[in-house]
Amino acid sequence: MPPLKYAESDVQALRRVLLDEDNGTFQDGDVALFTGVKATSKSIKAHLRDIAVDSEPSDVLLVYFAGHALVPEWNDQLDAYLVTADLDPAALRQEPESGLRMSFLKRDVFEAFAGTSFLVLDCCHAGIYADADRRHAAAMQTYRTHVDRHSALLACPRGAVARESDEYGHGVLTHHVLRALRGAAADELKRVSFADMATFVADQRMEPPPSQWVTTWGPTTVLTQPPLSRHERQALSAPANPGTTRPCKNPLDDQSNSIMQLLGRMFRAENRPSHHSQQGDQTERVELLRYALDAESVAVVEFVGTECKTVSATPRFDRELLRPMLDLAAVEAARYRTTVPGHIISHGPRRRMLCVPVSHPDERVVALVVVEPALAQLDMGEPLAVMLRAVWESDLFGDPVEAEMIVLTALRTAYGRLPATLYDYAFSLYRQLVSSMTMVFQPVVELGLRAAGVSIHSFEALARRNERESRAPLPALRMAYDWGDRFIVERDALLAAKAIHSYAEADAVAPWQGTKPLSVNVAVRSLLSDAYLHQVTRALTEARLSPRTLTLEISEQDEIIPGPGELWTQKPLVYFHQRLTALTRDLHINFAVDDFGVGHASLARMAELRLTQIKVDREILHHPLAVDELALVVRVARYASDQGQASSPRTVIVEGYDEEAPVSLQQIYQLGIHHVQGYFSGAPASGSLHPLDAAVLERIAALARGE
């Protein structure tokens, strides 16, 4: 190996900068210097292991090396030795641990170090450090997640030679490192972090170019800074005066920009691929993903054992060329199935493929394969796999707003909390999704034995994507529960206001005198929110509807319990009962239990809460003891009036009744239940209000008589 002129002066100069009395951030006793004959692998390894084993989370470790690196001929090219004074290349074959290996630094020092660590290698083959100790090309690059507070600056790629310069009197990399630390890379406060230094060095157009990665705390760990003024020293010794707040750092904070960029390319980019079918077939979907990830190709493949079948793919997908990588992907997908959301498969230094299993029918695994995606996207790791699986399960083309919301919800459920920017964006997107829904009104029919006695008693407001659809957009409505109270309350407030305004417009042109009652679904958490009730009251005022017209149906999905951090002084049903009593008194709004017999709509809730209506779910009609259960509901509804505590029984409404129900309309009527809701009336839910046809009135009366 050629002699190095400046290695010792390099390390001494760096030490002086870090220990500078005015600008350095390290203490003299904390810096260890190994040069000349004292720079032995044994002494260096022992010192670094002592540091790693005794480290605390608040510690900072910076390791710098200037010198030669050696890659033995028998080595697999995935590890290298830093040349120390005692290195004997001939002994390495029998005693490979007798030298200072790059994999030792990674595995036994930085992975064991509890705090924040940094590495600067100014030597040839420095890029090998990025792959040191990575034995399996098919394994995921988990290094960055295991050592998530470690950053590195490497003088050159694997196989390249670092340079010294007589003009600089230093190694070229070290020269620019010293420039950066002396202020050339300083921020507006004249501080230099490791990230500032690494970025500055990388921008100097060195040949060969250095490589770097900067992870958590790299941008915030300051290596040099300006001397403190008298005012600043006084401020440091003064009592703390908090003037700003910020949320605790989220694991996805560093990925926020990448996530937003990927969402934009998937759902909003003007030049995203066009589609022809309403839902978008698989060919169109894989092409959109190829564009969004800036990938070479994308395919949907099916693994059956070690066999691989292409289901659909973009034009440049070459299964035979990718066969070795697909074989590895098949093994990993079968081994981990649902436990690992995705794998990064590598083959050689530059070939990468992302494999994301999306379904597991029988013994098969259907996976999304992305070949050579943009490295910035690939570096997202597991969040990218979570997003792609959610994208594949959504309607990318038919409803892109809901599809994007499904992707964000998948991140929310996978990681518990999103960074503030993503959370706020999701909230605005969810408001857009809910606001795009329309409200239709389904009649509640009052039964009678004569046609003249049959009529429309009231209407229930139902959310739909559009008036043509008969089913509720349940996935979109229920995803609010994955986000918490703010989303639930906003969903209910938007839908209630939309229902009230739409109903007032429809009622204004309805062919009857007076306004029939309207019921709207509401979550328990919304009824505990003053903001929700304020918006409902405002909507009633704007629509000029009497509050007594409105009944809020308490969702069966919600348990009546305190929220996180809340403390109720009474039992939950007692506390909630008092809340409803106060709301009835102050706002004059009615309340009902929705879908009794399903979810949390229990007998206790029906019996103990202040209600004007009890709505029975259609599932009870198909129970073997349906008639007995309906009779029990009627007795509960009559209990208060029978005890003289109310002027009349509470109204019981059977929901979802149709002619396939095993309980007849006559049985329901004879039990004393005179209100039924469902498609049996022949009146579909609609944005307008219509009376029942004369023939329908006759048919319903006949059914009530048992004819």
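Visitor: Before arginine 351, what does contact mean here?
Guide: Contact means heavy atoms within 4.5 Å. One caution: this is a predicted model.

Visitor: OK. Which residues does arginine 351 touch, not counting those up to four places away in sequence?
Guide: Arginine 351 touches Glu296, Leu321, Leu322, Met325, Ile345, Ser346, Val371 and Glu372.

Visitor: Where does arginine 351 sit?
Guide: Arginine 351 belongs to strand 15, residues 351–359. Its relative accessible area is 24%, so arginine 351 counts as partly exposed.

Visitor: How far apart are arginine 351 and leucine 322?
Guide: In sequence, 29 residues. In space, 9.5 Å from C-alpha to C-alpha.

Visitor: Now the whole chain. How many helices and strands?
Guide: There are 24 helices and 24 strands. The chain has 707 residues, and 49% of them are buried.

Visitor: What share of the contacts with a separation of 6 or more comes from residues 24 or more positions apart?
Guide: Such pairs account for 68%.

Visitor: How many residues are in the largest nonpolar core?
Guide: That core has 133 residues. Leu388, Leu527, Tyr532 and Ile668 have the most contacts inside it. Helix 17, residues 485–508, gives the most to this core, with twelve residues. Another core lies apart from it, with 30 residues, among them Leu173, Ala185, Val201 and Leu223.

Visitor: Back to leucine 527. What is it in contact with, leaving aside neighbours within four places in sequence?
Guide: The partners of leucine 527 include Tyr532, Leu552, Ile554, Phe576, Arg579 and Phe591.

Visitor: Switching to helix packing. At what angle do helix 8 and helix 14 cross?
Guide: Roughly 30°, with the axes coming within 9 Å. That angle makes helix 8 roughly parallel to helix 14. Helix 8 covers residues 256–267 and helix 14 covers 420–435.

Visitor: Which residues meet there?
Guide: From helix 8, Ser256, Ile259, Met260 and Leu263. From helix 14, Thr421, Leu422 and Tyr425. By class, the contact has five nonpolar, two polar and no charged residues.

Visitor: And helix 9, which residues are buried?
Guide: In helix 9, residues 282–292, Glu284, Arg285, Val286, Leu288, Leu289, Tyr291 and Ala292 are buried. Their cover includes helix 8, strand 12, strand 13, strand 16, helix 11 and helix 12. Just after helix 9, aspartate 294 takes a positive phi of about 50°.

Visitor: You mentioned strand 12. Is valine 301, which is in that strand, buried or exposed?
Guide: Buried, because its relative accessible area is 0%. Leaving aside neighbours within four places in sequence, valine 301 is in contact with residues including Cys308, Val311, Phe317, Val365 and Val369.

Visitor: How far apart are the C-alpha atoms of valine 301 and valine 365?
Guide: They are separated by 8.3 Å, though the two valines are 64 residues apart along the chain.

Visitor: Last topic, cysteines. How many disulfides does the structure hold?
Guide: Zero. Cysteine 123 is in no disulfide, and its nearest cysteine sulfur, that of cysteine 124, is 6.0 Å away.

Visitor: Why no bond for cysteine 124?
Guide: Because the closest cysteine sulfur, in cysteine 123, is 6.0 Å off, which is too far for a bond. The cut-off for a disulfide is sulfur atoms within 2.5 Å.

Visitor: Are those two buried or exposed?
Guide: Cysteine 123 is buried, at 0% relative accessibility. Cysteine 124 is buried as well, at 11%. The cut-off for buried is under 20%.

Definitions and conventions. Residues are numbered from 1 along each chain as its sequence is written. This is a predicted model: local features need pLDDT of at least 70, side-chain atom pairs count only at pLDDT 80 or more; totals for chains, interfaces and linings use all residues. Side-chain values use heavy atoms; hydrogens and water are left out. A nonpolar core is a set of buried Ala, Val, Leu, Ile, Met, Phe, Trp, Tyr and Cys residues joined through side-chain atoms within 4.5 Å. Buried means under 20% relative accessible area, exposed over 50%, partly exposed in between (1.4 Å probe, protein chains only). Helices (H or I, at least four residues) and strands (E, at least two) are DSSP runs, numbered from the N terminus. Axes are lines fitted to C-alpha atoms, for helices over the stretch in contact, and angles run from 0 to 180 degrees between N-to-C directions. Angles under 35 degrees count as roughly parallel, over 145 as roughly antiparallel, 65 to 115 as roughly perpendicular and the rest as oblique. Ala, Val, Leu, Ile, Met, Phe, Trp, Tyr, Cys and Pro count as nonpolar, Asp, Glu, Lys and Arg as charged, and the others, Gly among them, as polar.
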